[in-house]
Amino acid sequence: MSRRRLAVPVARAAAALAVTGLVVAGCGGDDAPTVPSPPDEGTASTTDATDGGAAPTDEGTATGGSTGGEGTGEVTGTAPADEALLAAIGLAEQDAGGTAFEVDDGDDDGSWEVHVAVGAEEVEVEVSADGSAVLSRQREGDLDDDDAAALDLAGVGLAEAVGLAAAGREGTADVDDAGFADEGGGTYAWEVTFTDDVEVYLDVTDGSVLRVEDD
């Protein structure tokens with residue numbers, strides 16, 4: 001008989017002996033070696049590794065959910081361009097060294113014209129559409145009496161008023177302009193106008209919404 005024909009019976013015999021050895025070992029006394037121990041240790045290591053790997057995944061999911069949740073809360077009813085507008089207001093105030101009280105969607109390039117009160121003067125700062133760069137700065141003369149009076153009463157700034165107006169209304173229209181509105185009797189409101197002609201009026205002292213008008 002050839003070696004090739006003997007190979008199969010020999011292999012089968014070896015496999016049978018191996019299975020018999022496992023059975024005997026598993027049925028032995030306390031002193032008998034426990035064959036499943038190495039697999040158990042391996043399984044434990046695998047479980048630990050899996051658990052360890054699951055934690056970052058869970059944290060990542062939680063972080064993503066938190067970020068998504070916060071993002072959703074911040075942008076409810078807020079147009080994407082408003083983030084650039086808020087940045088433009090902050091940059092204009094920093095550049096001029098004063099308090100912004102009026103902003104207008106300027107040229108066709110989308111730049112912002114931010115009016116800043118610097119002492120008793122008015123300075124107009126033009127900021128790029130993305131709110132990242134000052135394009136120009138020029139003195140506009142003495143600050144208007146109404147603007148000065150409104151600034152004295154204001155408990156919330158222009159940027160905060162824009163954010164409150166955008167978050168408090170439905171829709172995703174961009175902000176067109178914002179500034180003070182004379183309500184008569186020595187009282188003033190923040191007036192925020194959107195590109196869909198909706199105007200939101202807020203109390204200058206606390207930012208509460210007074211009314212919403214749709215032209």
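## Strand pairing and local contacts in a predicted model

Asp 104 stands opposite Glu 113 in β2. This pairing is taken from a predicted model, and it offers a way into the sheet, since Asp 104 also has a bridge partner on another strand, namely Asp 177 in β5.

### Overall composition

The protein contains 5 helices and 8 strands, and their order along the sequence follows the pattern α-α-α-β-β-β-β-α-α-β-β-β-β. Of its 215 residues, 28% count as buried. The exposed area comes to about 12,600 Å², of which carbon and sulfur atoms supply 52%. Among the contacts between residues at least 6 apart in sequence, 39% join residues at least 24 apart.

### The sheet

In which order do the strands of the open sheet lie? The 8 strands are arranged as β4-β3-β2-β1-β5-β6-β7-β8, and the pairing is antiparallel. At the edges stand β4 (134-142) and β8 (209-214), each of which has a single partner strand, so one side of each is left without a neighbour in the sheet. From one strand to the next, the twist averages 25°.

The pairings for which bridge counts are available can be set side by side.

| Strand pair | Sense | Bridges |
|---|---|---|
| β1 and β2 | antiparallel | 6 bridges |
| β3 and β4 | antiparallel | 7 bridges |
| β1 and β5 | antiparallel | 2 bridges |

Strands β1 and β2 form a hairpin with 6 residues between them, and in the turn Gly 110 has a positive phi of about 85°. Strands β3 and β4 likewise form a hairpin with 6 residues between them, where Gly 131 in the turn has a positive phi of about 75°. Within this second hairpin, Val 125 has Arg 137 in β4 as its bridge partner.

Helix α5 (residues 158-167) lies across β1 (99-105), β5 (175-184), β6 and β7, and the helix runs at about 60° to β6.

### Glu 126 in strand β3

Glu 126 lies in strand β3. Is this acidic residue buried or exposed? With a relative accessible area of 15%, Glu 126 is buried, because that value falls under the 20% limit for the buried class. Leaving aside neighbours within four places in sequence, Glu 126 is in contact with Asp 107, Ser 111, Trp 112, Ala 133, Val 134, Leu 135 and Ser 136. Glu 126 and Asp 104 are 22 residues apart along the chain, and their C-alpha atoms are separated by 9.6 Å.

### Aromatic rings and a charge over a ring

A pair of aromatic rings is described by the distance of the centres and the angle of the planes. The count for this protein comes to 1 aromatic pair. Phe 180 and Trp 190 form this pair, which is stacked, with 4.1 Å centre to centre and 25° between the planes. The pair links distant parts of the chain, for Phe 180 belongs to strand β5 and Trp 190 to strand β6, 10 residues apart. Both Phe 180 and Trp 190 are buried.

Another ring, that of Tyr 201, has the charged end of Arg 211 sitting over it, 4.0 Å from the ring centre.

### The loop between β6 and β7

The loop between β6 (187-194) and β7 (198-203) holds Thr 195, and Asp 197 also lies in the loop between these strands. At 45% relative accessibility, Thr 195 counts as partly exposed; Asp 197, at 44%, counts as partly exposed too. Each value falls in the partly exposed class because that class lies between the 20% and 50% limits.

Which residues does Thr 195 touch, once those up to four places away in sequence are set aside? They are Ala 173, Asp 174 and Asp 176. Thr 195 and Thr 172 are 23 residues apart in sequence, while the C-alpha to C-alpha separation in space is 9.6 Å.

Most residues other than glycine have a negative phi. Asp 197, although not a glycine, has a positive phi of about 70°, and this backbone value may be read alongside those of the two turn residues described above, Gly 110 at about 85° and Gly 131 at about 75°.

Key. Residues are numbered from 1 along each chain as its sequence is written. This is a predicted model: local features need pLDDT of at least 70, side-chain atom pairs count only at pLDDT 80 or more; totals for chains, interfaces and linings use all residues. Side-chain values use heavy atoms; hydrogens and water are left out. Helices (H or I, at least four residues) and strands (E, at least two) are DSSP runs, numbered from the N terminus. Buried means under 20% relative accessible area, exposed over 50%, partly exposed in between (1.4 Å probe, protein chains only). Contact means heavy atoms within 4.5 Å. Two strands pair if DSSP finds at least two bridges between them. Axes are lines fitted to C-alpha atoms, for helices over the stretch in contact, and angles run from 0 to 180 degrees between N-to-C directions. Accessible areas come from the Shrake-Rupley method with a 1.4 Å probe; for residues, only the protein chains shown count as cover. Rings of Phe, Tyr and Trp (its six-membered ring) pair if their centres lie within 6.5 Å; planes under 30 degrees apart count as stacked, over 60 as edge-to-face and the rest as tilted. A charge sits over a ring if NZ of Lys or CZ of Arg is within 6 Å of the ring centre and within 35 degrees of the ring normal.
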